[in-house]
Amino acid sequence: MEPMTVETQTVGTAPTKRREQRESVVIRFAGDSGDGMQLTGMQFTTESALAGNDIGTLPDFPAEIRAPAGTLAGVSGFQLNFSSLEVYTPGDNPDVLVAMNPAALKVNIGDLMPGGILLADQDGFDAGNLKKAGYATNPLEDGSLAKYQIIVVDMTGMTLKALEDLKLSNKVASRCKNFFALGLCSWVYSRPIEPTLNWIQDKFKKTPELVEANSLVLKTGYHFGETTELFAVQYEVKPARIAPGKYRNVTGNTALALGLLAAANKAGLPLFLGSYPITPATDILHELAQYKNFGVYTFQAEDEIAGVCSALGASFGGGIGVTTSSGPGIALKQEAINLAVMVELPLVICNIQRGGPSTGLPTKTEQADLYQAIFGRNSDSSLPVLAAATPGDCFNMAYEAVRIAIKYMTPVILLSDGYLANGAEPWLIPKFENLPPIPVQFRTEAEGFFPYLRDPETLARPWVKPGTPGLEHRIGGIEKEDVTGNISYSPANHELMTRARARKVAAVAQDIPPTTIRGDQAGDLVVVGWGSTYGSISAGVDEVRARGKTVSQVHLRYLNPLPPDLGGILRRFKTILVPEMNMGQLLTILRATYLVDAVGMNKIQGQPFKVSEIAAKILRLLEG
Amino acid sequence: MSDAAVATAAPKLTRKDFVSDQDVRWCPGCGDYSILAQVQKVMPELGLPREKFVFISGIGCSSRFPYYMNTYGFHTIHGRAPAVATGLKISRPDLSVWVVTGDGDGLSIGGNHLIHALRRNVGLKILLFNNRIYGLTKGQYSPTSELGKVTKSTPLGSVDYPFNPIAVAMGVDATFVARSVDVEAKHLQDILRRAYEHQGSAFIEILQNCNIFNDGVWDSLSDKATKADTVLLLEHGRPLIFGKNRDKGITLGSDRRLQVVTLGNGASEEDILVHDETNRPLAYMLAHLEHPTPIGVFHATARLAYEEAMGKQLEAARQKLGPGDVNALFNRGETWIVE
Ligand SMILES: Cc1ncc(C[n+]2csc(CCOP(=O)(O)OP(=O)(O)O)c2C)c(N)n1
Ligand code: SF4
Ligand SMILES: [Mg+2]
C-alpha cells in the first residue's frame, strides 16, 4: 500500500464517514520517554472505561530515566486492550501502533498485527531521528512496511499551527503533540474527550496557558479525525457486559496500597510502612505517603534491612508493620523476616517481583521469586505466601495478608510483579463496611500470661503492647522455650518449637476458600497458574474452549500453605500444565508435594505470556 | 488515664522491680554487670512506670542486656537494633526506648543504622558498650580495636584504622553525645539520667572491660592510681582541668588546637577552656582528644525529634484533610457506574 501523507492545509469539508463495530481493539502508544506516551495511554484508558468497555493495560517504561532522546533505549510504550467482552490481558499484538519517532517504530513494529494500522508523526521521522534509530532510509516511505496500513500525519506541525496564537515557545508547544495523537485516536475509536478535557483542567490548573494549549490540541486532533480523508471509517466498541456497580481504574500498586490501608483500618491498627525505593515497588510507598491523615506512618529507611526492621519494631509496638520491595531488596530482608518468624509477630512483606537475578531487568516482569519467598531463609522457616492474580486482586490479597498476619501472628509474604504493579484494570469499588472483619486481641490480663502460650485453634501466641502493666516480657531470635518463651537450647524443645511454627503456618489452610475450577471438574488437561499469568492463561483457556475442546483452569492465590483441596483436584486430570514466567518453580513444588507428573511451560523474557502462546501449548498437549 | 496520672498513681519503684528472673550469663568479672546495675539503679528514679520502658538490642554479649531487665525487651539481630527501635519509637512515642549495642554490633554490621538513627534524631537512648573486641564470637578485633591489635583473626596485628565512636556520633550531628565508664557507677548514673531527659537521640559510649578477650583495655582510665591523670571530666560550665593535683588543663593554643598545659607553668586558670556542651566545634575537638581521655557529655543540643516531627505531619494532615475516610479514598479519581 502506498503511504499516505497529509498536508496540514488539506483539511476540507468533512466527508461522511462509515461507522464500523469492533469487538475489541488493542492499541499501543509509543514514543520517546519525553513524549508523554504514558499519560496519553492512561487518558485513553479512562475514556475507554467511561465508554463502558472492559480494559486491560500495560505500560512499558525504558530502564534509563533519561535515555538520550530519539534512541531505542529511550522508547516508552503503553498498550491498552478495550473490548465489549471480558478482558483478561492487555492483548498480545496491537491492532494499532502509534509511533511518534523512528525508535518507537523500530522497537514496536514487530508486534503490530499484519494489516494493522501504523499511525506515525511525520515530524518525528526526520533525518536525525532516523539515524539515531539506525534506519538508512525512511521506513514510512521505502516500502518495507507494506503489510501495514501506514498513516502519516504531521502531528507536530498541526500542533504548532493550532497553538500559533498562544505565543508559547516552540519547545513547549511541540510537547503538546501527544494530545493531538490522543484526540485523533479518540475520534477514530469514538471515545468521549470530555473526561480528558476535565483532567487537563485539573492537572494543569497552576499553569492556565497549558490548560488552554493542551485542550486546544486535543480538540484539533479530534476534529482532524473527523475531517480528514485519511480515515474513512470510525470504529465503535460497544460497552462490555460487566458486573453492575461503581468502577474506577486501579493499578496493582494502588490496589495493594488501598488493601493494606483498608485492612489496617478494619483491624483498628496504625499502619506502618518501612521501605526503601526500588522499581517496581516504589509507587506503593508513594501512594501510602499520601494517606497521612489516616494515621499511616511511612518511613523511607536507609536500606531494605532497616525497612523491614522498622516495620517489625512497629508490629512489636502493636501496629501493623509492612515492608515493600522487589527481589534484590527481599534478599536483604530475609534475616529480619526470620526474626519475625521466631518472635511470631504480624508483618507483611510485599515483593513486587521484577526480572532476573541481581539487578536483572528492573523494569520488566517475571515471577521467579517463589522459591525465595518459600525457601529463601536459613533453617526450617515457614511462613504464609500469597500471590495476587490481577491488578485489582492486589487489593484482596493485601487485605488477606494483613488478616492472616494478625490472626496467626506471623510474617506473610505477598507476591505481586511489575506487570500487575503497573497494569491497570477496572475495579469494582468495594464498600468498606462489607469487607471481612479483622479481629485483633491485645492481651492485657497478667494472670496466666506466658509469651508463647498458643491459641489452641490458630496456634498464635498472644500479642501484648509494650506499655501494658504487668505483662513485661522479652522476645528475641534465640530459640524459645515452649510456653514461657525463655531462652532454651534444649534439643527436644527446639524440635517441638520448629514443628509448632510449621504447624501454625499449615493451619492457615483452614482459611483458604475452596479452589475454583474454571471449566470441567475433571478431564484431560488442567492449566495451573499463579500470579499475574492469570489473564493470559484465562484468555488462552477460553480461546481453546471456544474451539469446542475441553480444558480446565486452576489459579492459585495461596502458595504456602497450598489449598487443602488442590491435591485431589490435580489427580482428577490426566495432564497438568503449569505455565510460569520462570524456570518452573511452582512446577517443582507441585511435583514434590503431590507426586504428580505436571509439565511446565516457561517463558523468561521479561514479558508476559501471550494468549496465543498459551492456547497453542494447550492445543499441542490436547492433541498429544 | 494520662501518662502523668499513671506515674503519680503508681507505687514507688525500686531497683528490684527492674531485675528480671533470668540468670545473668556474662563471664564473671565482665564490665557488663556494672552497667546493668547502674541502669537498674537509675530506672526506678525516672518517674516513668516500668511498662513504659523497652530495651532493644542486637547481637553480642552486650546485647543480652534486655533479658536481664524486667521491662519490655526485644533481642533482635546483629546490628539492626536501631532500625527496629526506630519503627517502635515512631509509632509509639509514648514509650522510653533504649538501645543496647556493642562496638561490633553498632559500628561494624550495624554502622549504617546507627548513623541514620542519630542523624534523624529519633528519640532513642543508645548505649554502645565499647570493649574494643568481639566478645560473643570469642575475641576477634573490632572496628574500635587499636591499630596493630593482635587477635585470633589478626595474628600479625590488625591493619585497619579504628573508629572513634564519639567522633562518629559528632560527625552525623547527633544531638546528645556522651562517654562514661563501666565501673564509674555514679558518673554513669548521671549520664543515663541526662540521656533519659534529652529529647531526641542520646548516644552514650560506655567503655567496658571484657576480662576474657581484651582484659584491661581501659585500665589506665579506671585504675584509681592513674585515672586522675588520664581522664578529663567534662562538666558544663566548668574549666577543663584534670590531674591528681588538678594542676593540668586544656587550652586553645595559638595554632587553634587543643593543648594540655600545666597550671602555674606560664598558664593560669583564666587560660583554661570552660566546657560548653552546646559548643559543637569544641565537642568536635574534644572528641579527638586522647590524652587525657574526656568522659562526660561532649555535646547536647535541642532539635526536634524525628518521631515528633512525623507526629506533627500526621496531625497537620488530619487537620487539613479531616480523619481519613476509606470509602472516599476508594472512590477517588474518575469513577463510572455500570448498570
Ligand atoms: C548476621 C550475623 N553475623 C555474624 C554474627 C556473629 N556475631 C555475633 S556477635 C558478633 C560480634 C559482637 O561484637 P560486639 O558487638 O562488640 O559485642 P560484644 O560481644 O563485644 O559485646 C558477631 C560477629 C551474627 N550473630 N549474625
Ligand atoms: S566475653 Fe567478654 S564481653 Fe562477653 S561476657 Fe565475657 S567478659 Fe563480657
Ligand atoms: Mg565488643
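1. Helices here are DSSP runs of at least four residues (H or I), numbered from the N terminus. With that in hand, a few notes on this predicted model, starting with ligand 1. The helix to look at is α5 of chain B, residues 103–109, which gives four residues to the shell around ligand 1, the largest share.

2. Now the whole shell. Altogether 17 residues surround ligand 1, and the closest are B:Cys61, B:Ser62, B:Asp103, B:Asp105 and B:Leu136. Don't look at chain B alone, though: residues from chains A and B both surround ligand 1, so the two chains share the site. Sorted by class, the shell holds eight polar, six nonpolar and three charged residues.

3. Which side chain has an N or O atom 2.7 Å from an oxygen atom of ligand 1? That's B:Asp103. The backbone joins in as well: a polar backbone atom of B:Leu136 sits 2.9 Å from a ligand 1 oxygen, and a backbone N or O atom of B:Ile133 is 3.1 Å from an oxygen of ligand 1. As for cover, ligand 1 on its own has 590 Å² of accessible area, and the protein covers 77% of that.

4. On to ligand 2. Its surroundings are B:Trp26, B:Cys27, B:Cys30, B:Cys61, B:Asn131, B:Gln208, B:Cys210, B:Asn211, B:Ile212 and B:Phe213. By class, that shell has seven nonpolar and three polar residues, with no charged ones. Keep an eye on B:Cys61 when you flip between the sites: B:Cys61 is among the closest residues to ligand 1 and is also in the shell around ligand 2.

5. Chain A next. The chain is split into domain 1 (5–237), domain 2 (248–434) and domain 3 (523–622). Taken over C-alpha atoms, the centres of domains 1 and 2 of chain A are 35 Å apart. Their contact draws on 15 residues of domain 1 of chain A and nine of domain 2 of chain A.

6. How much area is buried between domain 1 and domain 2 of chain A? About 860 Å², with carbon and sulfur atoms giving 54% of it. On the domain 1 side, A:Ile55, A:Thr57 and A:Phe61 lose the most area to domain 2 of chain A, together 40% of what that side buries.

7. Finally, some backbone geometry to check by eye. Most peptide bonds are trans, and most residues other than glycine have a negative phi. Against that background, the bond from A:Thr279 to A:Pro280 is cis, with omega near 0°; A:Pro280 falls in the loop between β11 (271–275) and α10 (282–289) of chain A. Chain B has a cis bond too, from B:His291 to B:Pro292, again with omega near 0°. B:Pro292 is in the loop between α11 (280–287) and β11 (293–300) of chain B.

8. One more on phi: A:Leu595 is not a glycine, yet has a positive phi of about 50°. You'll find A:Leu595 in the loop between α19 (585–594) and β24 (599–602) of chain A.

Conventions:
Residues are numbered from 1 along each chain as its sequence is written. Chains are lettered from A and ligands numbered from 1 in the order in which they are written. This is a predicted model: local features need pLDDT of at least 70, side-chain atom pairs count only at pLDDT 80 or more; totals for chains, interfaces and linings use all residues. Side-chain values use heavy atoms; hydrogens and water are left out. A residue is near a molecule or strand if one of its heavy atoms lies within 4 Å of it. A polar contact is a pair of N or O atoms within 3.5 Å; within protein, one must be able to donate a hydrogen and the other to accept it, and residues adjacent in sequence count only if both atoms are side-chain atoms. Accessible areas come from the Shrake-Rupley method with a 1.4 Å probe; for residues, only the protein chains shown count as cover. Helices (H or I, at least four residues) and strands (E, at least two) are DSSP runs, numbered from the N terminus. Ala, Val, Leu, Ile, Met, Phe, Trp, Tyr, Cys and Pro count as nonpolar, Asp, Glu, Lys and Arg as charged, and the others, Gly among them, as polar. Domain bounds come from an automatic or database domain assignment. Contact means heavy atoms within 4.5 Å. Buried area is the accessible area (1.4 Å probe) that two parts lose on being put together, summed over both.
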